[in-house]
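Here is a small set of exercises to work through with the viewer open. Try each task yourself before reading its solution.

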Amino acid sequence: MSTLANYRDHLAEIGKLSSAASLLGWDLQTHMPPKGGAYRAQVQGKLSRMVFELATSDELGACLAELRQDGSISPLEQASVRVNGKAYDRSRAVPPEFVEARQIAQSEAQGAWVEARRTNNFPLFQPHLEKMVDFARQLAEYYGYEEHPYDALLEDYEPGLTCRQLRAIIDPLKAEIVPFLRRLATEGTPPDRTAFDGEYDPDTLRQLSRRALEIIQYDFQAGALDDVAHPFTTVIGPGDVRITNRYPTDSPLPSLFGALHEGGHALYNQGFTDDLYTLNLAGGASNGIHESQSRMIENQVGRSRPFWQFFQPVLAEYFPQFAPVPTETLYRASNVVAPSLIRVEADEVTYNLHIMLRFEIEAGLIEGSIAVADLPKRWNQAMKDYLGIVPPDDTQGVLQDVHWSFGYIGYFPSYMLGNLYAAQMLPKIRKDLPTLDGDLRRGDLKPLLGWLRENVHRHGAAYEPNDLMERITGEPLNPEHFVRYVTEKFSDIYQL
Ligand code: ZN
């Protein structure tokens, strides 16, 4: 067997085991009865050990070493060797004893976080978080870096991006968004936010989510929609990309925008070709690029004026009380800007500020300029400076996200970058699709999806995010596009 065939075989084996693991993970959160948890954990542990062994085997290493020198393989195969080779090197750089010790500490830290959050007791979580920061620092040393240990961790989520580049993006962004937010609050005319108040039947909301997913061209023949407490999208394999959603009954918006958001992720995954799957490149260019696809469908489409012109009568089919409500009222009410304590509830203007705050804290923790003990104070001060509000307790402040209890440091910036990537793609989309607004007014998402398939989806993880952005828009990541998008949109809505 040729080295390339052997390599492809190896990836196929990993792919099949990972598919089984994804299905078990999806089932765990959607259908598994509570008493099934203990055995399921053992099965999942077994599968992930098998995946890890295959993904770090000497045999795979030998294939990679040979293929790295092989100039005759196709560009996509080269990309596969580059991406999978980097993942291989990083996995091999970390001693198994470290992985095990960290896993044990993670589950302890997670338990402590749940309890600390429940009882609003940061000191209970503090020693665990200190441990997780130490692990993250150690991990950065194993991975290696040139400038900042944060770079080594960021690589897992945004390949090629550095702490220095992030700072260069965040500083000007903050300088624009913070005063703009103040202006909206002091000079703007806020939308009538009561337009969606009411009590909604969850089954009807579920049907509305299905309809919204059909509108955005989500393929139900290659997917499914299930209920869950914390919505997510998961890839089981080619032809099987599943969405989950939840249905709060006091407004139709959270489930609608949840469906559009997860639907945007799913469209990306449904756009991966078989070739990307067999070469293990069917994961998206980065978490941030993945988030750009979900935020584009949720915000640039779902929270746009043309879309609401189409969607108002659709909504009224399910909830007739909206039939007489002007489109403009619904459009404006779906775009209320209000600084919130909780990141996941944030609007388009304030969302990135939540991420900046976390990034600055994380970078400080990793470089040692911020002590874990000072986090509640740092957090509350930053909330006050950026958003103008202070959490009444740590549960709604520094303890709100689960990520740090796993020691996931470097994860948050992707949430912000997704907004920036999407805003940078938009002018190019408008140039290529001059009829975009008209398409949205008719509820025709096919041209937009065709553009995303061609420019973003079909490449999978073959390009690093900055290279992909250059390919698409002619320049690397540039936050000015987001500033322009958000100030134009909300100056109009708030009648500045
Ligand atoms: Zn997302």
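The exercises below concern a predicted model, and each is followed by a worked solution.

**Exercise 1. The zinc site**

Task: Find the protein donors of the zinc ion and work out their spacing along the chain.

Solution:
- Start from the metal: H261 and H265 each offer NE2, and E291 offers OE, at 2.1 to 2.3 Å from the zinc ion.
- Next, read the donors along the chain, where they follow the spacing H-x3-H-x25-E.
- Then place them on the fold: H261 sits in helix α10 (residues 253–270) and E291 in helix α12 (residues 287–301), so this pair, 30 residues apart, links distant parts of the chain.
- Finally, check accessibility, with under 20% as the cut-off for buried. H261 has a relative accessible area of 12%, so H261 is buried. E291 is buried as well, at 7%.

**Exercise 2. The length of α1**

Task: Compare the expected span of helix α1 (residues 3–30) with the distance between its end C-alpha atoms.

Solution:
- The helix has 28 residues, and at 1.5 Å a residue it should span 40 Å.
- The end C-alpha atoms lie 40 Å apart, which agrees with the expected span.
- As a follow-up, which residues of α1 are buried? They are Y7, H10, L11, I14, L17, L24, G25, W26, D27 and T30.
- For reading such a list, recall that an α-helix has 3.6 residues a turn, so residues three or four places apart point the same way.

**Exercise 3. Two helices in contact**

Task: Describe how helix α9 (residues 202–215) packs with helix α13 (residues 305–318).

Solution:
- Two packed helices are described by the angle between their axes and the distance between the axes.
- For α9 and α13, the angle is about 145° and the axes are 11 Å apart.
- The handedness comes next: α9 passes α13 in a right-handed crossing.
- Now list the residues that meet. From α9 come T204, Q207, L208, R211 and I215; from α13 come F307, F310, F311, V314, L315, E317 and Y318.
- Sorted by class, this contact of α9 with α13 holds eight nonpolar, two polar and two charged residues.

**Exercise 4. Two buried helix residues**

Task: Decide whether Q270 and L449 are buried or exposed, and list their contacts beyond four places in sequence.

Solution:
- Q270 lies in helix α10. Its relative accessibility is 17%, so Q270 counts as buried.
- Beyond its sequence neighbours, Q270 is in contact with Q217, Y218, D219, A222, G223, V241 and R453.
- L449 belongs to helix α19 (residues 446–455). With 12% relative accessibility, L449 is also buried.
- With the same exclusion of residues up to four places away, L449 touches I216, Q217, L267 and H457.
- For a sense of scale, the C-alpha atoms of L449 and G144 are separated by 39 Å, with these positions 305 residues apart along the chain.

**Exercise 5. Positive phi in loops**

Task: Where do N120 and N280 lie, and what are their phi values?

Solution:
- As background, most residues other than glycine have a negative phi.
- N120 is in the loop between α5 (96–119) and α6 (122–143), and its phi is positive, near 50°.
- N280 is in the loop between α11 (274–278) and α12, with a positive phi near 55°.
- For accessibility, partly exposed covers values from 20% to 50%. N120, at 36%, is therefore partly exposed, and N280, at 40%, is partly exposed too.

Notes
Residues numbered from 1 in each chain as written. Predicted model: local features only at pLDDT ≥ 70, side-chain atom pairs only at ≥ 80, totals over all residues. Heavy atoms only, no water. Axes fitted to C-alpha atoms, helices over the stretch in contact; angles between N-to-C directions. Helix = DSSP H or I, 4+ residues; strand = E, 2+ residues; numbered from the N terminus. Left-handed = near helix turned anticlockwise from the far one by under 90°. Contact = heavy atoms within 4.5 Å. Nonpolar A, V, L, I, M, F, W, Y, C, P; charged D, E, K, R; others polar. Expected span 1.5 Å × (residues − 1). Buried < 20%, exposed > 50% of the residue type's maximum accessible area, 1.4 Å probe, protein only. Donors = N, O, S within 2.8 Å, 3.2 Å for Na, K, Ca; no water.
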